[in-house]
Structures are given as C-alpha cells and as structure tokens.
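Trainee: I'd like to get a feel for what holds this thing together. Could we go through it bit by bit?

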Amino acid sequence: MNATISTTQPLVHAKNICLHVPIFKPRDRQLLSSPGKFLRDLYFFRTQREIVTILDNISFTLHPGERLGLIGSNGAGKSTLLRVIAGIYRPSSGNLMVNGTAKGLFSITMGMSPEATGLENIYMRGLQMGLKLNEIKKLVPEIVAFSELDDAIESPLNTYSTGMSMRLAFSVSTMVEPDILLLDEWIGTGDARFRDKVKARMDKLVEDSRGLILASHNTALMKNLCTRGLVLSKGKMIFCGEIDEALDIYANDKLIQTKA
C-alpha cells in the first residue's frame with residue numbers, strides 16, 4: 001500500500017481484490033478428543049484445510065471528495081472489504097493502493113483495558129493508533145472535555161458505567177481525523193444530549209475527510225452521505241455507480257430473492 005498523500009491520485013484503487021480464508025472442516029476440529037493433534041495441525045498445517053472465498057474479484061476507485069456506500073445483505077462482504085482497505089486483512093490476490101491514512105471506526109472499545117484508568121486508556125489507544133506520546137498529551141484535555149468524565153478520568157475503566165465507557169471510547173477513537181474515513185455503520189452512543197455531540201463530531205469527521213467509505217443498511221443515511229454505491233452479494237461485486245442506482249439495484253435484487 002502507498003501511504004504517500006497525493007492530490008491527484010485516487011484515494012483508493014482496488015483492482016481484482018480477492019480474499020481467501022482457510023478453515024478447518026468440522027471433522028478436523030478434534031480439540032477435545034486429541035488436543036495435541038489439533039495444535040500440530042493448526043500450527044504446522046498438517047491437515048488439509050478447505051479454502052473459502054470471502055471477497056471475489058472486487059475492483060473500484062475512490063477519488064478525492066467521493067463518498068462510497070457499501071451495500072449488501074449480512075454476509076455480503078461489506079465489513080471484510082472495509083478491513084482490507086484499513087490494512088487489517090491482506091488481500092490474497094489483486095492490487096490495492098491507498099493514498100493517505102485510512103482509519104476505520106469498527107470497534108471503538110477495542111484495545112481498552114478494564115483495569116487501567118481512563119487516562120491510561122487514552123494513552124494506550126493513542127499509541128495503538130500510531131500517535132506519539134507528545135501528540136497524545138496535547139489531545140488529552142480535548143478528549144476529557146468531550147467525554148465529560150472530569151475527575152473520573154483517573155479512575156479504572158471497570159468502575160465506569162456503560163455510558164461513561166462508551167463516551168471515552170468514542171472520544172478517543174475520533175481524536176484524529178483521517179484522510180479516508182471507513183465506517184461500519186454510523187456511530188451513535190450515549191443519552192440524547194451526548195448523541196447530539198456524537199452526531200456533530202461524526203459530521204465533522206465526514207466533512208473534513210478527503211473520502212468516505214460507509215457500510216450500512218440505512219438507506220436514508222446512504223442517500224444523505226454517499227455519492228456512489230458499491231453493491232455486494234456473497235463477496236462478489238454486483239454494481240458500482242451512482243448511489244440512487246446502486247440502492248435500486250440492491251432493492252430489486254432483494255425482491256427477486258424474496259420471490260424465488
């Protein structure tokens with residue numbers, strides 16, 4: 001992947017992206033009856049594994065200023081494609097170029113430690129996101145203020161309510177604005193008042209990003225945010241083009257499947 005920012009190159013260029021995943025067949029999962037054999041097979045590949053194709057020949061280009069919606073039923077490959085673009089999964093074949101920083105808000109609580117204080121979690125998550133200590137230190141006051149945790153920031157995370165934990169996780173995860181924003185569903189958390197703050201922060205992230213790729217089942221949200229749509233079905237690309245046409249194709253495909 002190319003992380004060099006350019007104003008002329010596409011933000012993302014995917015050509016014939018495939019992702020194949022090896023899995024054990026049920027009869028090969030003999031952990032209880034033979035744990036030694038299972039571990040040898042797992043680490044030394046002595047058991048022939050079945051290969052499952054998760055993404056099959058996906059090609060698209062995201063240009064600066066574009067907002068692409070990933071459309072499809074559960075299991076279509078939307079979340080997996082986002083994680084390939086984010087660099088979490090490496091394509092089995094094909095070419096992927098990412099021009100700039102691509103950041104996904106997939107699991108905003110990932111990597112947070114219940115035993116650590118809120119402040120310690122800010123530093124740990126910041127380091128995981130690739131920030132330097134001095135960069136995190138400058139962001140701490142803004143994160144604490146946005147999360148509204150005040151003195152509770154010095155308390156362990158396992159003493160927080162669910163709402164407090166989510167406020168901190170969101171505040172930390174959105175402290176850096178990426179070139180390419182990757183969203184697996186729109187994030188909304190907290191009480192009504194805090195949700196307004198979350199929406200304003202999310203709107204700003206989208207507005208300030210150079211490009212957006214959003215996976216969602218929310219048709220109204222897609223129409224409001226996205227300029228283009230990529231329709232997926234069982235890991236295959238069905239259509240890529242204008243968002244309204246993409247949504248129509250998906251709706252008709254669902255209707256056909258329902259009648260079949």
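Trainee: Okay, which residues are linked with R193 in a network of salt bridges?

Mentor: Keep in mind that we're looking at a predicted model. In it, R193 belongs to a network of salt bridges. The other members of that network are E148 and K197.

Trainee: How many salt bridges does the structure hold?

Mentor: To count as one, a side-chain nitrogen of Lys or Arg has to be within 4 Å of a carboxyl oxygen of Asp or Glu. With that cut-off, the number of salt bridges in the structure is 10.

Trainee: Take D56 and K236. How many residues apart in sequence are the parts that this pair ties together?

Mentor: The two side chains meet in a salt bridge, 2.5 Å from N to O. D56 sits in strand β2 (residues 50-62) and K236 in strand β9 (residues 236-242), so the bridge ties together parts whose separation in sequence is 180 residues.

Trainee: And is D56 buried or exposed, or something in between?

Mentor: Buried means under 20% relative accessible area, and exposed means over 50%. D56 comes out at 25%, so its label is partly exposed. Its partner K236 has 43%, which also makes K236 partly exposed.

Trainee: What about R228, which residue does it form a salt bridge with, and where is that partner?

Mentor: The closest N and O atoms of this pair are 3.2 Å apart. R228 is in strand β8, and the pair links parts of the chain 162 residues apart. R228 is buried at 16%, and its partner is buried at 18%. That partner, in the loop between β2 and β3, is E66.

Trainee: Then there's R83 and D184. Which of them counts as buried?

Mentor: Their closest N and O atoms are 3.3 Å apart, in a salt bridge. R83 lies in helix α2 (residues 78-85) and D184 in strand β6 (residues 180-184), so parts 101 residues apart in sequence get tied together. D184, at 21%, counts as partly exposed. At 19%, the one that counts as buried is R83.

Trainee: Why is strand β3 largely enclosed by the rest of the structure?

Mentor: Look at residues 67-71, which make up β3. The strand is largely enclosed because the number of its five residues that are buried is four.

Trainee: Which residue stands opposite G69 in β8?

Mentor: β3 pairs in the parallel sense with β7 (residues 211-215) over four bridges, and there G69 stands opposite L214. β3 also pairs in the parallel sense with β8 (residues 228-233), over four bridges. In β8, the residue opposite G69 is G229.

How values were computed:
Residues numbered from 1 in each chain as written. Predicted model: local features only at pLDDT ≥ 70, side-chain atom pairs only at ≥ 80, totals over all residues. Heavy atoms only, no water. Buried < 20%, exposed > 50% of the residue type's maximum accessible area, 1.4 Å probe, protein only. Helix = DSSP H or I, 4+ residues; strand = E, 2+ residues; numbered from the N terminus. Pairing = 2+ DSSP bridges.
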